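Q: I am new to this structure. Please take a close look at one part of it, the annotated domain, and set it beside what surrounds it.

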Number of protein chains: 2
Amino acid sequence: MHTLTVDALNPAFLNVQYAVRGELAIRAEEYRVQLKTAGDNHGLPFNRVISSNIGNPQQTGLDQPPITFVRQVAALMEWPVLAELAKDVFPADVIARAKELQAEIGSVGAYSHSQGVPFIRNNVANFIQERDGYPSNPNHIFLTAGASAGVTLLISMLISNPRSGILIPIPQYPLYTATLAANSGVGIPYHLDEDAEWATSAPDIEAAIEGAVREGITPKALVVINPGNPTGALLDEATMQNVVRLCERYGLVLLADEVYQTNLHSRSTHPFTSFKKVVRALGSSLPLVSFHSISKGVMGECGRRGGYFECTNISDDIIALIYKLVSVLLCPPLSGQIGVDCMVRPPRQGDASYALWKQETDTTHAALAQRTKTMSARLNELPGVSCVDSPGALYLYPRIRLPDAAIEAARKAGKEPDTFYALGLLEDTGICVIPGSGFGQKEGQYHYRLTCLCPGVDEYVGALERFHRKFVERYGGL
Amino acid sequence: MHTLTVDALNPAFLNVQYAVRGELAIRAEEYRVQLKTAGDNHGLPFNRVISSNIGNPQQTGLDQPPITFVRQVAALMEWPVLAELAKDVFPADVIARAKELQAEIGSVGAYSHSQGVPFIRNNVANFIQERDGYPSNPNHIFLTAGASAGVTLLISMLISNPRSGILIPIPQYPLYTATLAANSGVGIPYHLDEDAEWATSAPDIEAAIEGAVREGITPKALVVINPGNPTGALLDEATMQNVVRLCERYGLVLLADEVYQTNLHSRSTHPFTSFKKVVRALGSSLPLVSFHSISKGVMGECGRRGGYFECTNISDDIIALIYKLVSVLLCPPLSGQIGVDCMVRPPRQGDASYALWKQETDTTHAALAQRTKTMSARLNELPGVSCVDSPGALYLYPRIRLPDAAIEAARKAGKEPDTFYALGLLEDTGICVIPGSGFGQKEGQYHYRLTCLCPGVDEYVGALERFHRKFVERYGGL
């Protein structure tokens, strides 16, 4: 009998780890099925699973409402005759927008240009120019199936041999380590400073580069996540300038993950500046690829799979190579491309949809900022917990000190201590968070990441608090 | 100044070739822009570009109409309140279907299960069971962003080192050679027999395997495209059984690309049988992965990016590995997943939408079959052209004999002779076809692939005929 075994497969794939959908998420899914199928006799100490493991605002249970404008445009793109059959139902600007897009795209059932619909790329370029004050070239923009698709493409392109390294922040979003593992590249970690609001330090990055070089690794690129994931931190312009100069000095490509650029809870003290703007302001020739997405912000349109990356100071022959690579998979989903267009061209004052759009986006922004503040304040009151009050993105990344007996119990169970804690939290409360070991942390430290998306914040944080106090007590206190 | 150069990048990517969106398609796109921007003074000998290079039925100019049922369901999924606001506009079964999907999926703006919505996978399993008469396990099904995403994943998983080989038919769909190149795997070609309607021969495959082994290549898998692309050929069951036995004997995984399974023009003489059915009927333990898509058939919903693959005789630890890999990119687009659900659960007799669905699908099937027959008959009348009357898929792959002077002129221009011919056709008529060198052919033979999707078949074939006669004459005849 002939069977296929794992050891016959690409060995690099065996090293891929992606904690956001790993052990905790799989267990949570099992509980969800149990709750659904067993009815009242489920025997669990909770009645619903809260998936705080992933920034997925519109999922059932979180139910962040979609922006009506986006969905109205998308519905008309699906079935254009609706504009006639139900014309009183749609605002005038929505109908006009859908007609304009239809004229450019044709059917959403057709493959588009592999790089994305030219008209939409043009709109993205205008959005970037308006944001930064510097021109943007639509031919240097690639629409993608979410930012992740762009990141994996760029990393797989930059890893030219198994000694190629890419600098990644610690803690990081595990897409980066997973993609490096899949492509047999080396992750070169640089640590963010938790005591300084998870600040990025150019000297620390430089030390990491020097260390890697001493080990025979060739650093090819530097990843910066700004606003940070899982930290929510924002880089100030002086730090960004230092990072750009450092990349120039070491011949690194800068990969700027800026998908949370509109999730800002303290705009006056912690504004967002794009790396594109900093590179242009410095007159730098640094090769830069900047990623954005429709999955975050207040759209939260994860399921459409839409995003883009912009190439700055990347030569035409490399642009042509990227085009060739993306053409093999034909095109990004049209639903995502339309989402990108709605993101970069929201209703303007005077448009019929503007008032509703403003109300919806303001409400979601305010709720997220409020929840983040409440949650971090209350988590900081707990014994052994310290939590940076995140000024951006969708997450908190509290640090937890654990009783020695808990660490011992975890080791006995063959788990990392923070995984052991997170599994306990899930079993007790139905809340699924991701242990810090999935994002990276200093030796002997423990964290977890949770989203600030849950609507009933009191109940949510209340459950976290009760579990934490009980856990600390069960293992003999701190 | 620091610049990024191509030679610093993944060297495997430089070898990727994808003719379907290559030189011809890029030139065609330039003509399209020229026609659009220059108005009446475009100076070209044609007024529109006909993109016969790619199976993209709904693209502008081809305009195969989408199936109304699919788009109505999709529109309601985008903006569910439409079911109330415009209830007279939607048939009852569409409203019921959308409500059912909403209850299972929640918002289409949320990430789904990384493997695809469980409810939709369950519907796919029922569809497969109904088609084949053998059970299908929804946990062994992965929804994908088109079949291509699944194929690239499987190939990248099966290539475990640079001596790993995968058998591919010649001619082939260039996704396979492109993905092999990107993953530093070796393509092991086996030739289809043009004189026997592009038949697949197990002995020829065996000879290719033996030859590869002698060169130190380890064959890992065999790709079969059925119905064929670009050939349109269908495998009979006896051949399929031989192929299964051969894969068993050599320990190969069988990758069955069955995306054209409903594009059948001669069902009585050339029916479709799935490899899943053959493997089960033989009681074989052969590892098999079967691919399907919503981009082809009569849906032609390419832009949604939807498809699935089913794993047969693949162990649970490998399923878990695949799950881990797909989870890094979070989930396939919901628009594609909804398309898959509509494909596997079309309206049934008695449903309000059934009559329209039947009429639309029958019309598209008939038009495609008719065009294929007309085109192959007329192409066969041309001097030096022979063309198998394709019983399936969306293409013809005529063989062309070229005058010696034309071959000489091509060499002087630094082009393959069939590329030279196809460029001439594009320049003269605006029709974009893909030369056989992009799909593979025997040394000294020339072909091109064109789609049978163009609505005005007389005008279309007329232009092909005029160009061919003129070309042959210009280069001194045959």
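A: The answer starts with the annotated span, goes through helices, a tyrosine and cysteines, and ends with backbone details in loops.

This is a predicted model, in which local features need pLDDT of at least 70, side-chain atom pairs count only at pLDDT 80 or more, and totals for chains, interfaces and linings use all residues. Residues are numbered from 1 along each chain as its sequence is written, chains are lettered from A and ligands numbered from 1 in the order in which they are written, and side-chain values use heavy atoms, without hydrogens and water.

According to the UniProt record, an unreviewed entry, residues 92–452 of chain A carry the annotation "domain: Aminotransferase class I/classII large". Positions from UniProt are given in the numbering used here, with feature names shortened, and such annotations may be inferred rather than shown by experiment. The span is 43% helix and 16% strand, and its end C-alpha atoms lie 35 Å apart. Helices (H or I, at least four residues) and strands (E, at least two) are DSSP runs, numbered from the N terminus.

One helix pair to look at is α6 (residues 118–132) and α13 (residues 334–344) of chain A, which pack with their axes 9 Å apart at an angle of about 30°. Axes are lines fitted to C-alpha atoms, for helices over the stretch in contact, and angles run from 0 to 180 degrees between N-to-C directions. α6(A) and α13(A) therefore count as roughly parallel; angles under 35 degrees get that name, those over 145 are roughly antiparallel, 65 to 115 roughly perpendicular and the rest oblique. The crossing of α6(A) past α13(A) is left-handed, a word used if the near helix is turned anticlockwise from the far one by less than a right angle, with right-handed used if clockwise. On the α6(A) side, I120(A), N123(A), V124(A) and F127(A) make the contact, and they meet Q337(A), I338(A), V340(A), D341(A) and V344(A) of α13(A). Contact here means heavy atoms within 4.5 Å. An α-helix has 3.6 residues a turn, so residues three or four places apart point the same way.

Another pair is formed by α9 (residues 202–214) of chain A and α10(A), whose axes come within 10 Å and cross at roughly 20°. α9(A) and α10(A) are therefore also roughly parallel, and their crossing is right-handed. From α9(A), the contact uses A202(A), I205(A), E206(A), I209(A) and E210(A); from α10(A), it uses N242(A), V243(A), L246(A), R249(A) and Y250(A).

Helix α13 of chain A comes up again with helix α3 (residues 68–78) of chain A, where 11 of 11 residues are buried. Buried means under 20% relative accessible area, exposed over 50% and partly exposed in between, with a 1.4 Å probe and protein chains only. The buried residues of α3(A) include F69(A), V73(A), L76(A) and M77(A). They pack against α4 (82–85), α5 (92–105), α13 and α14 (354–380) of chain A, and also against α3 and α4 (82–85) of chain B.

Away from the helices, Y446(A) sits in the loop between β13 (434–435) and β14 (448–451) of chain A. With a relative accessibility of 8%, Y446(A) is buried. Leaving aside residues up to four places away in sequence, Y446(A) touches P398(A), R399(A), I400(A), L402(A), I407(A), R411(A), P417(A), D418(A) and Q441(A). From Y446(A) to F127(A), the separation is 319 residues in sequence and 40 Å between C-alpha atoms.

The cysteines come next. Over all chains, zero disulfides are found, a disulfide being a pair of cysteine sulfur atoms within 2.5 Å. For C331(B), the closest cysteine sulfur belongs to C302(A) and is 7.9 Å away, too far for a bond. C331(B) is buried at 7% relative accessibility, and C311(A) is buried at 4%.

Some loops have backbone details worth finding. The peptide bond between N229(A) and P230(A) is cis, with omega about 10°, and P230(A) lies in the loop between β5 (218–225) and α10 (237–250) of chain A. In chain B, a cis bond with omega near 0° runs from I170(B) to P171(B), and P171(B) belongs to the loop between β3 (164–170) and α8 (175–182). A393(A), a residue other than glycine, has a positive phi near 65°. A393(A) is in the loop between β9 (385–386) and β10 (395–396) of chain A and is buried, at 0% relative accessible area. D63(B) also has a positive phi, near 55°, and at 48% relative accessibility D63(B) is partly exposed.
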